[in-house]
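Here are a few warm-up exercises to work through with the viewer open. Try each one yourself before reading the solution.

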Amino acid sequence: MPREFQRGHKARISDLTAGTDLYVGVQISAPGLSFDISCFGLDADERLSDDRYFVFFNQPKSPEESVQLLGAQAGDTESFRITLDRIPAQIQKLSFTATIDGAGQMSQIAPGYLRIVAGGEEVARYAFNGSEFTTERAVMLGDFYLKDVWRFAAVGQGFDGGLEALLKNFGGEVAEEEAPAAPSQPQAGASPGFAPPAFGAPGPAPVPAPAAPQQPQPAAAQGFAPPPGATPPPAPAPAPSVHGAPTIVAPLTPPGGVHVPPPAPAPAPYGQPQPPYGQPPQQQPYGQPAAPGAPMPPGYGQPQAPQAPMPPGYGQQPTPPGYGQQPPFGQAPGQQAYGVPQGAPQGGAGVTAALQQFKETPTGQRWTQQNRKLVRVDLGVGGQPVLARQGSMVLYQGKVDFSYKGAGFAGRIVGNATGQEMQLMRCTGQGQVFLAENSTMLHPIELQGDGICVSAENVLAFDESLQYEVRRVEGHGIPGGALFTMQFTGTGTIVVKTHGVPVVLPVTPTTFADCNAVVAWSAASQVVVSSQVRMRRNAYPGDTGESVNLQFRGAPGNFIVVQPYEV
Amino acid sequence: MNQPLAGYAPAPVTARMENHGNHMLKVAMQTGNDLFARVGSMVAYEGFVQYEPNPPAVRQIARDWMTGEGAPLMKCSGDGLLYLADYGANVVVINLNGDGISVNATNLLAFDAHLTWGVERVKGLAKFAGQGLWNTKISGQGWVALTSRGKPIVVDCGGGEDETYVDPDALVAWSPNLKVKGKRSFKAQSLIGRGSGEAYQMAFSGQGIVVVQPSEDSTDRLRIRG
């Protein structure tokens, strides 16, 4: 199941996949519009210092081919192949952008996405639609950026000025007219006319493309060619450092505050309007590679494909399974359907081959999620102890010591009084520890100076560098007067466990959750107890079911996590 | 009426043992090719399949099992399709093809009757683990199905002197050529209620793999039902 990103979300790529050879697909469409999707390779100052790292339709690869443009495939409007470990050191950031080729604005676009596919499997998806934008003509969809390790951020920031504003944002004014990108780029720099995208002659920029007869849009016939002095102003906010801020910084148009209603998506091949976040993964509106029979995106470098050729087992010759030699018995009437097929299953035979799909995924990271229910921590990386729930270790390698972690005298009093008590052990030493508990689903969350509130019984493990304290949620309706939760702040990783697949909701003006099912929420959101249920509780003698609802308020970008299990 | 359920019809048989979803095992039964399965694991069958609980042959091999109520295996024979499950645990199907594997008792679901198998007690450990850990060593040409609470993980022991330590409650299976020993990490603290919750582990060393489940609940659900 791909991880769903929303605007502002960030993650380490190593948390998404162990591979470094990635396929990035962008799907963006709008009735009657075409899009140029490009990738900017930026240096540490977020400048396009080397024009060869502006990968677009006219320059389909970077010099060492670490970034390659692959074209439309598998339902994606445009696709890239990114080889992270071949990207040269001066390139610190890859920014994926889409610009409208011609007249139009981003509010017209149909629901689209940017996705990351590794080894034939989609690992991340950032979905967007037209209601998040207004009159922008270019949008920065997402970034791969290097901060210790390569990370991915869903940006979704629009630019009013189109591609030239985008270029100005990245490259400054330096030699914009002569930039190799500019001549062939339709709206780049001072290029006055509408060159259709196939206009490949790299002539000097000021050649006025004569009104583009191939362009069917009426807008094109009007010769929308602003003189160089009258270009629309560049983007109002020239990309503040997106990755420094705690949770979200991208200016977000509140959903519903749409200036231009999106046109009816009549001819849209990818069709039905859908909520901007969280489509269920099993409905496959866009011919995803998961669909049987759909063309798979190139699955280069599959690290743990189940069908990988089987390494020889423990020293036996690979004979086919030989037990099935007995001839088909005399069939009872009507029973001929139960013949046992001969031959090995796909993927080979033997213990090693059968268990290939469950292999450990080794990475150099401190925290690695092995599967949805198992997480591995490498104590040697980072060199600090990990606090984990007592008894949650299932396996370890190396020299690791497990010791009791007391809450301290004050901590025990607070724990007893609030119920937010954790039975912890401290794991120290050198080695890898695998943590799991009761096959609950685990979610490592990396905190970078921001905070998260988690109910104590949903904490599996965390770095000792994190600070935590008991926080109180006040309200009238709560039995006992208040509700308590643990707030974690600092820099480090916390592993949260949920029973079943959780839902992550963005905090909107009307976000409610059952206090028994809510697992975590970002610390910046404000929690209010909604009292409507209390009246219902009083109206009937018994408990009618829903005890206490919490309402969440906060700036856009905050989120809550709810599990399908009411404790 | 049953359109939403139509997607769960059994797929055509392609092998002796197959997964039906993640949590159910489908075995294509054939006369002369019998199967040992956990007692109580059958959830459905098609065709003519007969069950013989506590067969004499098993009792002979498994006399080490101190169960008191007979071996937890039944012999299934006949022709048909047999469906087995263990309370929603993940099922892992292995075509042994000459390899061998040691399986924890509660994690063994079914195996071909013609395989070579034996029961042994895990040395130095049975007195700690509450359920009395015994394991079944299976090898030969044929199929084995294991259960795991949650998707398992396979760790390579890597050879050499380094030991891999496993919580016995989370252990599913391991390569039989690995060296096993019990490791106690009792400290004085543990006796006064300040243990880390990890009192004993099994240490594996040598060349091979260890299969671990992401849960420490190794309760034998089939046994509980009786």
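Two strands count as paired if DSSP finds at least two bridges between them. Keep in mind that this is a predicted model.

**Exercise 1.** Find the strand that pairs with strand 2 of chain A, and place both in their sheet.

Solution. Start with the residue Lys10(A): its bridge partner is Ala153(A), in strand 12 of chain A. Next, count the bridges: strand 2 and strand 12 (residues 149-159) of chain A share three, in the antiparallel sense. That clears the cut-off of at least two bridges. Now zoom out to the open sheet of chain A, where six strands run in the order 2-12-11-8-4-5 with antiparallel pairing. Finally, look at the ends: strand 2 (10-12) and strand 5 (54-55) of chain A are the edge strands, each pairing on one side only.

**Exercise 2.** Work out which members of the largest nonpolar core touch the most other members, then trace the surroundings of Val212(B).

Solution. The core holds 109 residues, and Leu435(A) and Val212(B) are the ones touching the most other members. For Val212(B), skip neighbours within four places in sequence; on the chain A side you then get contacts with Val394(A), Leu395(A) and Phe434(A). From chain B, the contacts of Val212(B) include Pro152(B), Ile153(B), Val166(B) and Leu171(B). Apart from this core lies another one, of 59 residues, with Ala30(A), Phe54(A), Ala153(A) and Phe170(A) among them. You've met Ala153(A) already, as the bridge partner of Lys10(A).

**Exercise 3.** Is helix 2 of chain A mostly covered or mostly open? Do strand 19 of chain A as well.

Solution. Take helix 2 (residues 163-171) of chain A: nine of its nine residues are buried, so mostly covered is the call. Its buried residues include Glu164(A) and Lys168(A), as well as Leu163(A) and Phe170(A). Strand 19 (residues 459-463) of chain A has five of five residues buried, so the rest of the structure largely encloses it. As for its pairing, strand 15 (residues 386-389) of chain A joins strand 19 over three antiparallel bridges, and one bridge links Leu387(A) to Phe462(A).

**Exercise 4.** Why does Arg472(A) count as partly exposed?

Solution. First locate Arg472(A): it sits in strand 20 (residues 467-474) of chain A. Then count: Arg472(A) has 13 C-beta neighbours inside 10 Å. Buried needs 20 or more and exposed needs 12 or fewer, so that count falls in between. Lastly, check a distance: Met486(A) is 14 residues away from Arg472(A) in sequence, and their C-alpha atoms are 8.7 Å apart.

Conventions:
Residues numbered from 1 in each chain as written. Chains lettered and ligands numbered in written order. Predicted model: local features only at pLDDT ≥ 70, side-chain atom pairs only at ≥ 80, totals over all residues. Core = buried A, V, L, I, M, F, W, Y, C linked by C-beta atoms within 7 Å. Contact = placed C-beta atoms within 7 Å. Helix = DSSP H or I, 4+ residues; strand = E, 2+ residues; numbered from the N terminus.
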